[in-house]
Amino acid sequence: MANYLVTSGMTDIVDILVTEHAQADDLLSVFETAAVEGRKAAFAPVRIALRGHAAAEEAVVYPIFRREADTELTTAMDTADEQHDDLEAALVAIETGGADAATTEEVTALRTAFDEHRAHEENVVFALVRKNHKLTRNIRSELARLYNEARASEMIG
Ligand SMILES: [Fe+2]
Ligand SMILES: [Fe+2]
């Protein structure tokens, strides 16, 4: 809910996704530094934030980026999809053993998967999107609206 409130006034999908990355980074840092007894509680918002973010990207954003993509952006989107799989695998690994029993390797794997997702999108995907003439300001604004709708319905549903 907090996330949606922060991004609901934003009218560029790239701004929204960058903001969510920063929020997820903060949540992940809290989890990484939590004492063992606080790990479960600290993991819950990480899981919700990362899954909701990736699901809404895949449902709303990636198809439109791909529709208008040149070869370079298509390749970048392939990498982004693979990174979502890595992120999901890292989340599942922690859930399987329980967040309070997560090993250093499992926590590091989640951090690495998240950092790679964030760096690739912000440095490669969004850079290509910003200079893609077909992904106009209007389309990015419409994506912002649809993305926030998707995030709001996830939080209700
Ligand atoms: Fe993202
Ligand atoms: Fe992504």
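These legends go with a set of close-up views of a predicted model.

**View 1. The largest nonpolar core, shared by four helices.**
This core has 19 residues. If you want to find its busiest spots, look for Val46, Leu50, Leu87, Ile94, Leu110 and Phe114, which have the most contacts inside it. The elements giving two or more residues are α2 (13–33), α3 (39–67), α4 (71–97) and α5 (104–130). Helix α3 puts in the largest share, with five residues. There's also a second, separate core of 18 residues, and Ile13, Val60, Val61 and Tyr147 are among its members.

**View 2. Ile94 and what it touches.**
Zoom in on Ile94, one of the residues with the most contacts inside the largest core. Setting aside neighbours within four places in sequence, Ile94 is in contact with Phe43, Ala99, Ala102, Glu106 and Leu110. Leu110 is another residue on the list of those with the most contacts in that core.

**View 3. Helix α3 against helix α4.**
The two axes come within 11 Å of each other and cross at roughly 160°. Angles over 145 degrees count as roughly antiparallel, so that is how α3 runs relative to α4. The crossing of this pair is left-handed. On the α3 side, the residues to pick out are Phe43, Arg47, Leu50, Arg51, Ala54, Glu58, Tyr62, Phe65 and Arg66. They meet Leu73, Thr74, Met77, Ala80, His84, Leu87, Leu91 and Ile94 of α4. Sorted by class, this contact has eleven nonpolar, two polar and four charged residues.

**View 4. Helix α4 against helix α5.**
Here the axes come within 9 Å and the crossing angle is roughly 160°. These helices are therefore roughly antiparallel to each other, and α4 passes α5 in a left-handed crossing. From α4, the contact takes in Glu72, Leu73, Ala76, Thr79, Ala80, Gln83, Asp86, Leu87, Ala90, Leu91, Ala93 and Ile94. Facing them from α5 are Glu106, Ala109, Leu110, Ala113, Phe114, Glu116, His117, His120, Glu121, Val124, Val125 and Leu128. By class, that works out as 15 nonpolar, four polar and five charged residues.

**View 5. His117, a buried histidine in α5.**
His117 sits in helix α5. It counts as buried because it has 24 C-beta neighbours inside 10 Å, and the cut-off for that is 20 or more. Beyond residues up to four places away in sequence, His117 touches Gln83 and Leu87. Thr79 is 38 residues away from His117 along the chain, yet their C-alpha atoms are separated by 9.0 Å.

**View 6. Helix α2 against helix α5.**
This pair packs at an angle of about 165°, with axes 11 Å apart. That makes α2 and α5 roughly antiparallel, and their crossing is left-handed. Helix α2 brings Val14, Leu17, Val18, His21, Ala24, Leu28 and Glu32 to the contact. Helix α5 answers with Val107, Arg111, Phe114, Arg118, Glu121, Glu122, Phe126, Val129 and Arg130. The tally by class is nine nonpolar, one polar and six charged residues.

**View 7. Glu95, partly exposed in α4.**
Glu95 is part of helix α4. It has 13 C-beta neighbours inside 10 Å, so it counts as partly exposed. Try locating Ala44 too: Glu95 and Ala44 are 51 residues apart in sequence, but 9.9 Å apart from C-alpha to C-alpha.

**View 8. Leu135, buried in a loop.**
Look for Leu135 in the loop between α5 and α6 (137–156). With 21 other C-beta atoms within 10 Å, Leu135 is buried. Leaving out residues up to four places away in sequence, Leu135 touches Glu68, Val129 and Arg140. Ala35, 100 residues from Leu135 along the chain, has its C-alpha atom 44 Å from that of Leu135.

**View 9. Thr11, in the loop before α2.**
Thr11 is found between α1 (2–7) and α2. Its count of 14 C-beta neighbours inside 10 Å makes Thr11 partly exposed. Apart from neighbours within four places in sequence, Thr11 is in contact with Ser141 and Ala144. Asp115 is 104 residues from Thr11 along the chain, and the C-alpha atoms of these two are separated by 25 Å.

Note on methods:
Residues numbered from 1 in each chain as written. Chains lettered and ligands numbered in written order. Predicted model: local features only at pLDDT ≥ 70, side-chain atom pairs only at ≥ 80, totals over all residues. Core = buried A, V, L, I, M, F, W, Y, C linked by C-beta atoms within 7 Å. Buried ≥ 20, exposed ≤ 12 C-beta atoms within 10 Å, placed from the backbone. Contact = placed C-beta atoms within 7 Å. Axes fitted to C-alpha atoms, helices over the stretch in contact; angles between N-to-C directions. Parallel < 35°, antiparallel > 145°, perpendicular 65-115°, else oblique. Left-handed = near helix turned anticlockwise from the far one by under 90°. Nonpolar A, V, L, I, M, F, W, Y, C, P; charged D, E, K, R; others polar.
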